[in-house]
Amino acid sequence: MLVGVCSMKLVMYDTDSLKAKRHIIKSVIERIKSRFNVSIAEIGELDKWQLSEIGFCCISNSRRHADEVIQSVINFIERDGRFDITSCEIDIY
């Protein structure tokens with residue numbers, strides 16, 4: 001069993017409140033959960049309205065499959081357009 005883990009920091013330029021930020025993050029998290037079947041949550045920068053840190057993981061029996069799932073989620077987030085990824089850390093155990 002292999003576990004693929006990714007944490008990333010995001011910057012949102014069009015938000016002006018924590019409520020707007022949480023609406024965007026919640027929307028993205030729910031879409032990713034349903035589309036990619038990964039566990040995902042906001043894990044940091046909870047009180048900053050332009051920054052967010054999210055983490056997600058997948059379990060697989062193949063390193064290649066775990067990496068493909070993680071890369072697919074990253075590409076999905078990059079294409080969203082409402083934020084930029086400032087850092088991204090990937091580990092497969």
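Accessible areas here come from the Shrake-Rupley method with a 1.4 Å probe, and for residues only the protein chains shown count as cover. By that yardstick, the accessible surface of the protein chain comes to about 5,700 Å², of which 48% belongs to carbon and sulfur atoms. This is a predicted model, in which local features need pLDDT of at least 70 and side-chain atom pairs count only at pLDDT 80 or more, while totals for chains, interfaces and linings use all residues. Residues are numbered from 1 along each chain as its sequence is written, and side-chain values use heavy atoms, with hydrogens and water left out.

On to the overall build. The C-alpha atoms of the protein chain fit a box of roughly 40 × 20 × 20 Å, taken along the principal axes. The radius of gyration (taken over C-alpha atoms; the globule rule is 2.2 Å times the number of residues to the power 0.38) is 13 Å for the protein chain, which agrees with the value near 12 Å for a compact globule of 93 residues. The protein chain has 2 helices and 4 strands, where helices (H or I, at least four residues) and strands (E, at least two) are DSSP runs numbered from the N terminus. Along the sequence, they follow the pattern β-α-β-β-α-β.

Next comes the sheet. Its 4 strands make an open sheet in the order S2-S3-S1-S4, with antiparallel pairing; two strands pair if DSSP finds at least two bridges between them. Strand S2 (39-44) and strand S4 (83-92) sit at the edges with a single partner strand each, so one side of each has no neighbour in the sheet. On average, neighbouring strands of this sheet are turned by 20° against each other, direction ignored.

S1 (residues 2-12) and S3 (residues 51-60) run antiparallel and are joined by 10 bridges. Gly 4 stands opposite Cys 58 in S3, and Val 5 has Cys 57 as its bridge partner in S3. S2 and S3, also antiparallel, are joined by 5 bridges, with Gly 44 opposite Glu 53 in S3. The hairpin of S2 and S3 has 6 residues between the strands, and Glu 45 takes a positive phi near 55° there.

Both helices lie across strands of the sheet. Helix H1 (residues 18-36) lies across S1, S2, S3 and S4, at about 155° to S2. Helix H2 (residues 63-80) lies across S1, S3 and S4, at about 175° to S4. Axes are lines fitted to C-alpha atoms, for helices over the stretch in contact, and angles run from 0 to 180 degrees between N-to-C directions.

What about the inside? Of the 93 residues of the protein chain, 39% count as buried (under 20% relative accessible area, with a 1.4 Å probe and protein chains only). S3 is mostly covered, with 7 of its 10 residues buried. A nonpolar core is a set of buried Ala, Val, Leu, Ile, Met, Phe, Trp, Tyr and Cys residues joined through side-chain atoms within 4.5 Å. The largest one has 25 residues, and Met 8, Ile 32, Val 38, Phe 56 and Ile 77 touch the most other members. S1, H1, S3, H2 and S4 each supply at least two residues of this core, and H2 gives the most, with 7 residues. Leaving aside residues up to four places away in sequence, Ile 77 touches Met 8, Leu 10, Ile 32, Ile 54, Phe 83 and Ile 85; contact means heavy atoms within 4.5 Å.

Technical notes:
Buried means under 20% relative accessible area, exposed over 50%, partly exposed in between (1.4 Å probe, protein chains only).
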